[in-house]
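Welcome! Please take a moment to look over the sequence and the structure, and then let us walk through some of the contacts together.

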Amino acid sequence: MIHEVDEVIEGLLKGGALAGSGVDVSFEAPTRDWAARRNTTAVNAYLYDIREDVRRRHRGSAPVEDARGIVLKRRQPPRWFRLSYLVTAWTKQPKDEHRLLSAVLATLLPRELIAVDELPGALGALGLSMPLTVAGLQTEARSLAEIWSALGGELKPSLDLVVTAPFPAYPEYDVGPPATQGAAFRVRAVDGSAENSPERRHRPRQVAQAAAARAAARGLPGEHGSTATAADHPDADPVRK
């Protein structure tokens with residue numbers, strides 16, 4: 001994903017105030033050897049620090065959807081990393097370098113956020129915009145003097161460009177098949193028969209007849225206060241005397 005961030009930065013530096021200027025954009029380390037080989041006006045964006053922005057870390061899971069919006073998988077939220085670039089201008093005259101840095105600053109300052117449709121490849125597929133800061137307070141552990149000392153070069157005016165980029169976190173987890181019908185339920189009686197079955201519809205009458213037969217056998221009043229007999233209920237089970 002870092003190479004895709006490089007593509008975004010190169011596109012920004014070649015646009016805006018520098019559009020049509022023919023200035024080269026390089027991502028090599030600005031060492032003495034590189035400076036000696038350079039024979040054209042150039043803007044150098046050297047990536048000197050990569051570290052996670054833990055304030056943006058989230059837990060949980062994010063859905064992975066297809067073109068129809070159906071969730072195919074779930075994965076952890078992306079992790080965000082601060083990519084710090086040392087931006088310098090290289091010409092033959094210091095005043096020309098200052099003008100070039102001014103044009104770079106004018107190009108980058110309006111771009112506080114890089115939209116999703118400007119991001120290439122897998123970076124754009126995440127659907128997340130990228131924050132961008134230029135010439136802000138340096139929060140990395142390394143100072144610019146230490147960076148130039150490590151590069152073996154002379155200290156030059158520079159801009160600190162920080163791009164906070166999302167990186168996908170793996171693994172991905174499978175999900176169940178999508179629901180194709182609405183929610184539905186079925187009601188069954190205690191004995192397991194369906195509520196609308198023929199057996200279930202005739203069961204209350206059969207139960208009442210059996211209860212009346214038992215009451216007649218004991219000489220108890222029937223449903224209307226009279227003493228019921230088994231003969232009054234032909235559908236009831238015969239009662240042994």
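## D96 and its salt bridge

At 34% relative accessibility, D96 is partly exposed, because this value falls between the limits for buried and exposed. The model you see here is a predicted one. D96 meets R99 in a salt bridge between their side chains, with 3.0 Å from N to O. Both residues belong to helix 3, where they are three residues apart, or about one helical turn. R99 is exposed, with a relative accessible area of 57%.

Which residues are joined into one network by salt bridges that share partners? They are E52, R57 and R79.

## More salt bridges

How many salt bridges does the structure hold? There are ten. One of them pairs R79 with E52, and their closest N and O atoms are 2.7 Å apart. R79 sits in strand 5 and E52 in strand 2, so this salt bridge ties together parts that are 27 residues apart in sequence. With a relative accessible area of 31%, R79 is partly exposed. As a general point, side chains of opposite charge can pair when their charged atoms come close.

Another salt bridge brings together the side chains of D53 and R55, at 3.2 Å from N to O. Its two partners are a good study in contrast: D53 is buried, with a relative accessible area of 6%, whereas R55 is exposed at 69% relative accessibility.

## T91, just ahead of helix 3

Let us return to D96 from another side, through one of the residues in contact with it. T91 lies in the loop between strand 5 (79-90) and helix 3 (94-108). Is T91 buried or exposed? T91 counts as buried, because its relative accessibility is 12% and the limit for buried is under 20%.

The side chain of T91 has two polar partners to look for in the backbone. It reaches the backbone oxygen of Q93 at 2.8 Å, and a polar atom of the T91 side chain lies 3.2 Å from the backbone nitrogen of E97. Leaving aside residues up to four places away in sequence, T91 touches R38, T41, D96, E97 and L100.

## Aromatic pairs

Now for the rings. Across the whole structure, a search finds three aromatic pairs. In one of them, the ring centres of F27 and Y85 are 6.4 Å apart and the planes stand at 70 degrees, so this pair is edge-to-face. The pair links distant parts of the chain, 58 residues apart: F27 is in the loop between strand 1 (24-26) and helix 2 (32-37), and Y85 is in strand 5. F27 counts as partly exposed at 26% relative accessibility, whereas Y85 counts as buried at 0%.

F81 and F167 also form an edge-to-face pair, with 5.4 Å from centre to centre and 75 degrees between the planes. Here too the pair links distant parts of the chain, as F81 is in strand 5 and F167 is in strand 8 (residues 159-167), 86 residues apart. F81 is partly exposed, at 24% relative accessibility, and F167 is buried, at 18%.

## Charges over rings

Rings can also have charged neighbours. Where does the charged end of R56 sit? It sits over the ring of W80, 5.1 Å from the ring's centre. K156, in turn, lies over the face of W90, at 4.3 Å from the ring centre.

## The nonpolar cores

In soluble globular proteins, nonpolar side chains tend to be buried together. In this model, the largest nonpolar core has 32 residues, and V5, M130 and L161 are those with the most contacts inside it. Helix 1 (2-13), strand 2 (42-52), strand 5, helix 3, strand 7 (130-134) and strand 8 are the elements that give two or more residues to this core.

V5 is a good place to start exploring. Not counting residues up to four places away in sequence, V5 touches L83, Y85, L123, M130, V163 and A165. Apart from the largest core lies another core, of eight residues, including W34, L86, W90 and W148. You have already met W90, as the ring whose face lies under K156.

Key: Residues are numbered from 1 along each chain as its sequence is written. This is a predicted model: local features need pLDDT of at least 70, side-chain atom pairs count only at pLDDT 80 or more; totals for chains, interfaces and linings use all residues. Side-chain values use heavy atoms; hydrogens and water are left out. Helices (H or I, at least four residues) and strands (E, at least two) are DSSP runs, numbered from the N terminus. Buried means under 20% relative accessible area, exposed over 50%, partly exposed in between (1.4 Å probe, protein chains only). A polar contact is a pair of N or O atoms within 3.5 Å; within protein, one must be able to donate a hydrogen and the other to accept it, and residues adjacent in sequence count only if both atoms are side-chain atoms. Contact means heavy atoms within 4.5 Å. Rings of Phe, Tyr and Trp (its six-membered ring) pair if their centres lie within 6.5 Å; planes under 30 degrees apart count as stacked, over 60 as edge-to-face and the rest as tilted. A charge sits over a ring if NZ of Lys or CZ of Arg is within 6 Å of the ring centre and within 35 degrees of the ring normal. A nonpolar core is a set of buried Ala, Val, Leu, Ile, Met, Phe, Trp, Tyr and Cys residues joined through side-chain atoms within 4.5 Å. A salt bridge is a side-chain nitrogen of Lys or Arg within 4 Å of a carboxyl oxygen of Asp or Glu.
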